[in-house]
Amino acid sequence: MWNYSFVFPSLMMMFTLLAFYFVRKRLPIHMNRTFLGILALQLWVIVFDLVSSRADEEYANYTSAWLYALNMVFFVLYIARVFWFYRFTLDIIDTDRRSLWARLSWLPFIASEAVCLSSFATGAMFSIQDGMYQRGPLYNLLYVCSLFYCGLSLVLLARHARNLKGHVLAEGIAYNVILLAGNVARFLFPQYLVMNTFCMIAILVIYLGFMNPDLYITDRGPAFNMRGFRTLLAELYRRKKYRILGFALQNYNHERSILGGDQMDEGITQINQYLSDAFPSLLPFYLRGGRFALLGKDSAPWEAVQREIHERFQQPWHTSNATLYLSVVFASVNSKANLPSADRIINNLVLAMENAKQSSSLWDDRDATNIQEVDQQVDILRSLEQALEQNRVEVFLQPVVDSRTRHIAAAEALARIRDAGGRIIPPGLFIPIAEKSGYINQLGEQVFEKTCAFIRDNDLAAMGLGWINVNLSPIQCMQRDLSQRFSAILERYGVKPEKIHLEITEQSMVDYSMLKRQIVSLQGSGFQFVLDDYGSGYSNLTRVKHYPFINIKLDMEVVWDFFNDRDSLLPTIIDGFRSMNLSITAEGIETPEMADVLTEIGSDYLQGFLFSKPLPLDEFVSKYGKDARA
Ligand code: C2E
Ligand code: MG
Ligand code: MG
């Protein structure tokens with residue numbers, strides 16, 4: 001009577017999927033529980049489909065009570081499975097389950113189950129007559145029920161389409177359409193038991209689109225990732241009392257560049273393993289950038305947890321090739337803060353961690369409750385991370401002009417990144433954040449590399465450019481292999497080191513020995529050095545003498561001060577440098593008068609808005625490419 005050829009492959013697919021699903025860590029979210037319900041129902045529907053169909057075929061061997069019982073269980077589970085798929089749709093559109101209509105939508109399910117159960121007495125859906133299985137007059141209720149819930153799912157998806165991500169909408173529609181097709185196939189070819197296979201495909205769509213646990217765990221040990229964190233928080237923040245303890249590795253980016261990515265990743269894997277072993281009642285998350293979080297009930301012994309982690313970090317972490325000494329700072333957020341969205345919670349946590357990391361300036365004396373400022377800082381950090389990841393840091397060029405001829409002589413490369421809306425974020429905002437977060441190394445390297453590409457692709461001499469100045473942050477100088485890295489980039493682009501002058505700001509000349517060693521090493525590779533923003537720090541002439549600078553750039557403020565109050569200090573300083581054979585560049589030249597006066601008192605080069613603002617590379621080329629005059 002029945003053909004079982006579709007049932008066994010479905011069962012095998014089911015076991016494969018169960019194995020994949022259950023060996024991985026899963027998030028305790030509603031969607032997961034609903035999916036678990038679908039899996040359990042699917043498994044038992046297949047089993048009872050087999051058993052009851054077999055019993056119906058060999059009815060002579062079974063009593064009527066057995067036949068009733070087996071068929072009844074099958075139909076009850078079958079209806080429940082349809083209903084659970086519908087509940088999954090409710091999960092993905094994130095409706096309030098307690099709303100009136102969400103509750104009302106249970107009614108057709110309950111009514112269908114009631115009809116099914118009553119078949120024992122009424123024979124409505126099926127009956128056993130003369131010991132044989134027969135369809136009842138309301139048998140087609142099975143189809144009506146399926147059509148109703150799949151149809152309702154599609155209507156709901158359409159109504160929420162605007163708030164759903166494209167792939168969520170597409171996958172939601174896909175599994176409902178597959179279920180509808182399954183019903184048609186079952187109606188047309190009832191003897192093949194094909195519905196299970198269609199349900200299995202629908203389950204696969206859900207698994208691949210939403211429920212694959214790999215989507216929510218990091219590839220570094222047994223912890224959930226940022227997507228997992230956001231998904232869980234989105235469900236949690238309105239309903240439960242929770243607390244999150246975050247901690248961040250100090251100097252993560254710096255350590256990473258010294259140790260190498262592989263060693264650091266191994267270390268992170270170990271930390272995640274440790275968190276998952278040591279605190280089984282808390283959920284571990286790895287939020288990239290050396291940031292970790294543990295989430296649990298507000299009533300958990302959080303102080304003890306923090307102490308325990310702190311103590312563990314007093315010990316080193318052993319990876320295959322290195323021993324890592326890492327230190328951490330902590331931050332915490334709990335439900336009492338009443339933050340209005342998952343994103344806000346994450347922003348606050350990340351910011352609190354960054355805050356804790358900085359012993360100086362950046363976020364220290366700011367009021368962390370000033371939400372707008374908090375958001376702005378985190379937005380900049382995100383834009384920076386994105387620009388770096390996608391290699392989208394832009395380089396602008398500002399001409400440096402020869403003071404006597406007023407022809408362009410060189411240019412300064414200045415970094416730019418953009419916010420989510422495509423607007424430029426000024427370096428005054430993102431450079432300090434890049435320095436504090438350690439991203440300055442990557443940033444500096446991108447600017448350096450793009451400058452090299454520009455030199456390779458353009459004829460500098462034809463534009464009147466003798467060289468290009470690139471800013472070097474003191475933090476970059478802490479990279480031991482900086483000189484090798486820069487030399488490798490030069491080689492890759494076939495650029496000579498004389499074509500690049502490195503600017504170091506005076507304020508950074510604090511850690512004397514390290515900086516000097518680095519400068520000497522880079523000088524050995526052929527680079528030349530410029531002291532930037534002179535007058536903004538505390539250097540005296542003798543100290544400057546110990547460094548191999550070839551040019552001094554006067555800080556804009558110093559130049560402007562001179563025009564407010566013309567004392568003899570600036571001319572004296574300029575004379576001093578010239579007697580040391582150093583050339584002078586004056587920055588911030590905005591008027592012809594400033595240009596003339598600074599030329600007169602001995603400035604060799606001038607830079608400022610009078611000549612040009614920093615320009616995107618293509619604009620710079622079209623402005624200076626043909627005509628070399630500034
Ligand atoms: P800086 O190296 O002293 O660069 C000169 C800054 O002065 C630039 O600001 C430029 O736009 C501005 N400027 C030039 N002429 C005038 C003028 O006539 N009037 C006024 N009001 N401003 C003028 P920008 O591009 O905003 O850069 C600010 C600072 O950010 C730079 O100061 C530099 O310290 C830093 N920076 C920029 N790009 C990089 C980079 O790639 N790496 C590093 N480490 N720092 C960078
Ligand atoms: Mg500069
Ligand atoms: Mg400067």
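# Reading the metal and ligand sites

Mentor: Start with aspartate 532. It bridges the magnesium ion (ligand 3) and the magnesium ion (ligand 2), which lie 3.9 Å apart. Keep in mind that this is a predicted model.

Trainee: How do I read a metal site? Which residues coordinate the magnesium ion (ligand 3), and at what distances?

Mentor: Look for N, O and S atoms within 2.8 Å of the metal. For the magnesium ion (ligand 3), the donors come from Asp532 (OD), Asp533 (OD) and Glu587 (OE), at 2.1 to 2.3 Å. Along the sequence, these donor residues follow the spacing D-D-x53-E.

Trainee: Which residues coordinate the magnesium ion (ligand 2)?

Mentor: Here the donors are Glu412 (OE), Asn471 (OD1), Glu503 (OE) and Asp532 (OD), at 2.0 to 2.2 Å. Their spacing along the chain is E-x58-N-x31-E-x28-D. One pair links distant parts of the chain. Glutamate 412 sits in strand β10 (residues 408-418), and glutamate 503 in strand β13 (residues 500-505). The two are 91 residues apart.

Trainee: Are glutamate 412 and glutamate 503 buried or exposed?

Mentor: Both are buried.

Trainee: Why does aspartate 532 count as buried?

Mentor: Compare its relative accessibility with the cut-off: buried means under 20%. Aspartate 532 has 3%, so it counts as buried. Try its neighbour next. Aspartate 533 has 18%, so it counts as buried too.

Trainee: On to the ligand. How many residues surround ligand 1, and which are the closest?

Mentor: The shell has 22 residues. The closest are Glu412, Arg416, Asp532, Glu590 and Phe609. You have met Glu412 and Asp532 already, as donors to the magnesium ion (ligand 2).

Trainee: How many of the shell residues are nonpolar, polar or charged?

Mentor: Sort them by class. Ten are nonpolar, five polar and seven charged.

Trainee: Which element supplies the largest share of the shell around ligand 1?

Mentor: Strand β10 does, with four residues. At least two residues each come from β10, α15 (427-437), β14 (528-534) and α21 (556-564).

Trainee: How do I find polar contacts to ligand 1? Which side chain lies 2.8 Å from an oxygen atom of ligand 1?

Mentor: Search for pairs of N or O atoms within 3.5 Å. The side chain you ask about is that of aspartate 532, through a polar atom. In the side chain of arginine 416, an N or O atom is 3.0 Å from an oxygen atom of ligand 1. For glutamine 398, the partner is a nitrogen atom of ligand 1, 3.1 Å from an N or O atom of the side chain.

Trainee: How much of the accessible area of ligand 1 does the protein cover?

Mentor: On its own, ligand 1 has 800 Å² of accessible area, and the protein covers 84% of that.

Trainee: Now a residue from another helix. Where is asparagine 272 placed, and in which helix?

Mentor: Asparagine 272 belongs to helix α11 (residues 261-278). Its relative accessibility is 0%, so it counts as buried. A polar atom of its side chain lies 2.6 Å from the backbone oxygen of arginine 220. Beyond four places in sequence, asparagine 272 touches Thr218, Arg220, Gly221, Pro222, Ala223, Tyr286 and Phe292.

Trainee: And a loop residue? Where is threonine 319 placed?

Mentor: Find threonine 319 in the loop between β6 (317-318) and β7 (323-324). Threonine 319 has 9% relative accessibility, so it counts as buried. Leaving aside neighbours within four places, its contacts are Gln263, Glu266, Gly267, Gln270 and Leu324.

Note on methods
Residues are numbered from 1 along each chain as its sequence is written. Chains are lettered from A and ligands numbered from 1 in the order in which they are written. This is a predicted model: local features need pLDDT of at least 70, side-chain atom pairs count only at pLDDT 80 or more; totals for chains, interfaces and linings use all residues. Side-chain values use heavy atoms; hydrogens and water are left out. Donors are N, O and S atoms within 2.8 Å of the metal (3.2 Å for Na, K and Ca); water is not among the atoms, so sites may look incomplete. Buried means under 20% relative accessible area, exposed over 50%, partly exposed in between (1.4 Å probe, protein chains only). A residue is near a molecule or strand if one of its heavy atoms lies within 4 Å of it. A polar contact is a pair of N or O atoms within 3.5 Å; within protein, one must be able to donate a hydrogen and the other to accept it, and residues adjacent in sequence count only if both atoms are side-chain atoms. Accessible areas come from the Shrake-Rupley method with a 1.4 Å probe; for residues, only the protein chains shown count as cover. Ala, Val, Leu, Ile, Met, Phe, Trp, Tyr, Cys and Pro count as nonpolar, Asp, Glu, Lys and Arg as charged, and the others, Gly among them, as polar. Contact means heavy atoms within 4.5 Å.
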